[in-house]
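Thank you all for making time this morning. I would like to walk you through one structure, and I will ask you to keep it in view while I talk.

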Amino acid sequence: MALTGIQIFKLLPKTNCKECGVPTCLAFAMNLAAGKAELSSCPYVSEEAKAQLSEASAPPIRPLAIGSGENVVKIGGETVLFRHEKTFVNKPGFAILISDTMPESEIEGRLKRFKELRYERVGLILRPEMIALKNESGDSGKFEPLVKKAKSETDAALILMSENVEALAAGVKISADRVPLIYAATESNWEVLANLAKEHHCPLGIKANSLENLSQISDKLIEAGLKDIVLDPGSRTLGKAFEDEVAIRRSALLQKNRSLGFPTITFPCEMTDDPMKEALIAATFVAKYAGIIVLSDFQGESLFPLLVERLNIYTDPQRPMMMEQGIYPIGNPNEDSPVLVTVNFSLTYFIVSGEIESSRIPSWLLVMDTEGLSVLTAWAAGKFVGDAIGTFIKKSGIAEKVKHRQVIIPGAVSVVSGDLEEELGPEWKVKIGPREAAHLTAFLKMGG
Ligand code: SF4
């Protein structure tokens, strides 16, 4: 059981030195109990107290990793019920299902889609990370080549799915260095699979037939010394699976229930035959609260919106996505190329730079640090105003890269042009760009 704030307080030094960032040891203890502080923030906790406090300071949902190399899927580690409270930490992994009963051409097609369906957005590569390999044949002889193929041809984090313990053992042997998820321990096989998971240091999924059954199997695995567990309550309708996801998260966070303090796996692929409905079900579990989402197949039209939804939900709402302040050359500009200035909100940068690229007019884009605020918000906050922009342009070094002295500002902040000209001095000319980035291409083509 997790410790209460008062129990934690008794183990702290009680000097109220404030080095942990809060005024008293009691306040720190309360934060620790609520999962809002890290034990390491107090440098004075004794080793003995540390051992006792480790349980209380652990995240209520255990973080774990599946996969290896650059494509490690981290799941769990969540500390809040709602994204606006803090942030969601580890985005769910998307898996494509491949069965060993599928024809070779279908397997090839799915592996190809896994490798090719990737998208660049706001400077990030959005991609699925996982392949769920299903031993539907029940035959180890058919499962092993499939595991070998998926492992050698992709960097996927693998999920090995079988009701046949021998097939799972054979699959793990082939792919242990890839740290696959073994799926799934049940009432009847949990002991053998716990040993297999421990021997190969792999996480183990549980497939139960109710939340109660899930807790019971989880307790047995914890007792057997297993740490990395993934939960599947077995529900296969949207309503029940959603209810279970919420119940697991609430139980882990609010009741500090260690039996259910693990990430979950969901199977929209087993909830409907309609690809559109499957995408909608998956979208529900991106928001609440899956660790892994297994889809029957990947198609661009449904995968891309899911990847974007995941990006949006798992972006920290308290930290805007920002670019580094600096000079960004677009399309090999020279000393005669136009100079534009904008803010460092990532989305603004990517829209503006995309429009400049489309114009095929090589340009210098000056990106000013406005703490990730967009153009109008930064202007309203006094961060993207004439004197500040002028100071930035003078210090940016752009004067050494171009021989002209003209800068184009976003039309939405035309009001700053006077102050900016004053700050830059008579040498410089400020030109008002279009109000909308969408009109930038035409603006540049017409000579800026
Ligand atoms: S750093 Fe440790 S000793 Fe100091 S106030 Fe915080 S909890 Fe107390």
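I will take the two sheets in turn, then the ligand, and then some backbone details.

This is a predicted model, in which local features need pLDDT of at least 70 and side-chain atom pairs count only at pLDDT 80 or more, while totals for chains, interfaces and linings use all residues. Residues are numbered from 1 along each chain as its sequence is written, and side-chain values use heavy atoms, with hydrogens and water left out.

Let me begin with the sheet of eight strands, which is open, has parallel pairing, and follows the order β10-β9-β8-β7-β6-β3-β12-β11. Strands here are DSSP runs of E with at least two residues, helices are runs of H or I with at least four, and both are numbered from the N terminus; two strands pair if DSSP finds at least two bridges between them. Because β10 (229–232) and β11 (265–266) each have a single partner strand, one side of each is left without a neighbour in the sheet. Within this sheet, β3 (residues 93–99) pairs with β6 (residues 130–134) in the parallel sense over five bridges, and Ile96 has Ile131 as its bridge partner in β6. Across β3, β6 and β7 (157–161) lies helix α5 (residues 140–153), which runs at about 170° to β6; such angles run from 0 to 180 degrees between N-to-C directions, with axes fitted to C-alpha atoms, for helices over the stretch in contact, and contact means heavy atoms within 4.5 Å.

The other sheet is an open one of five strands with mixed pairing, in the order β13-β15-β14-β16-β17. Its edge strands, β13 (326–330) and β17 (429–432), each pair on one side only, and the twist averages 30° from one strand to the next. Helix α12 (residues 346–359) lies across β13, β14 and β15 (363–368), at about 175° to β15.

Which residues are found around the ligand? They are Pro13, Thr15, Asn16, Cys17, Lys18, Glu19, Cys20, Cys25, Phe28, Cys42 and Pro43, where a residue counts if one of its heavy atoms lies within 4 Å of the molecule.

Finally, the backbone: the peptide bond from Tyr183 to Ala184 is cis, with omega near 10°, and Ala184 belongs to strand β8 (residues 181–185). The bond from Lys288 to Tyr289 is also cis, with omega near -20°, and Tyr289 lies in the loop between α10 (275–287) and β12 (292–295).
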